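This report covers side-chain pairing and one loop residue in a single protein chain. The sequence and the model are shown first.

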Amino acid sequence: IGQGGIPTPNVPMNLVAQLEAKKNEYGIKSVTPVLLSVRSSVSLDGQNFVFYTYPTAQPLKDLIPGVVAAQGRLLTPEDEGKLVAVIGSKAAENGGFKLGSDVRFNRRSFFKVVGILEPGGGFTDSFILVPLSTMQKAQNLEGRSSYIALKLEDPSSARTVAEQIKTEFKLEAQTQSDFLKIIDRAITPRF
């Protein structure tokens, strides 16, 4: 659930509680705020990196099934608020990042690499995963997210639930396939 287009951090976090209260009505298994930020690399390949942040109390495998750390580890609940990151294989290769490297987000925020993901051949290869509260603080965006990801009891009802939420909450609600198209546009180099 977001405001449409390229992800912008304008979804209020209080919407999480509102959606949690509607779990039974909409058949929602989990509600997860996500803050996304796209940064271009300084290399000549035009590679874009997606900083994908989520509350680390929720297992990453609930959001991105099949994700596995090739080196180091995945984020844990204890990482929330800390300056740590797990990097996709392509992001690590293109950025020259290794375990223990610092990833610069902006002039004042660096994240220590604690894990590198196994190549998956998908979007996560370009992701840099960071705890939600850490990124909110780095961007001065406390209380906001880009999207709220919903996991449904019945995934085949996604289109219907998206329409219901769009009507009730006056927000852009997208299915996972819609969301993946947006991510593809964000990370694909444009020359």
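Which residues does S101 touch, not counting residues up to four places away in sequence? S101 touches G96, F111, K112 and V113, where contact means heavy atoms within 4.5 Å.

**Basis of the model**

This is a predicted model, in which local features need pLDDT of at least 70 and side-chain atom pairs count only at pLDDT 80 or more, while totals for chains, interfaces and linings use all residues. Residues are numbered from 1 along each chain as its sequence is written, and side-chain values use heavy atoms, with hydrogens and water left out.

The protein chain has a mean pLDDT (the predictor's confidence in each residue, from 0 to 100) of 84, and 83% of its residues reach 70 or more. Over residues 1-6 pLDDT stays under 50; for this stretch the model has 27 contacts beyond four places in sequence.

**The loop residue S101**

S101 sits in the loop between α4 (89-95) and β6 (102-106); helices (H or I, at least four residues) and strands (E, at least two) are DSSP runs, numbered from the N terminus. With a relative accessibility of 17%, S101 counts as buried. Buried means under 20% relative accessible area, exposed over 50%, and partly exposed in between (1.4 Å probe, protein chains only). A polar atom of the S101 side chain lies 2.8 Å from the backbone nitrogen of K98.

**Salt bridges**

Side chains of opposite charge can pair when their charged atoms come close. The structure holds six salt bridges, each defined as a side-chain nitrogen of Lys or Arg within 4 Å of a carboxyl oxygen of Asp or Glu. The table lists some of them, with the N to O distance.

| Lys | Acid | Distance |
|---|---|---|
| K23 | E20 | 3.1 Å |
| K22 | E25 | 3.3 Å |
| K22 | E168 | 2.8 Å |

The salt bridge between E168 and K22 links distant parts of the chain: E168 is in helix α6 (residues 158-169) and K22 in the loop between α1 (14-20) and α2 (23-26), 146 residues apart. Salt bridges that share partners join K22, E25 and E168 into one network.

How exposed are the members of this network? K22 is partly exposed, at 23% relative accessibility, and E168 is also partly exposed, at 35%. E25 is exposed, with a relative accessible area of 54%. In the pair of K23 and E20, K23 counts as partly exposed at 24%, and E20 is partly exposed at 32%.

Key:
Polar contact = N/O pair within 3.5 Å; in protein donor to acceptor, adjacent residues only side chain to side chain.
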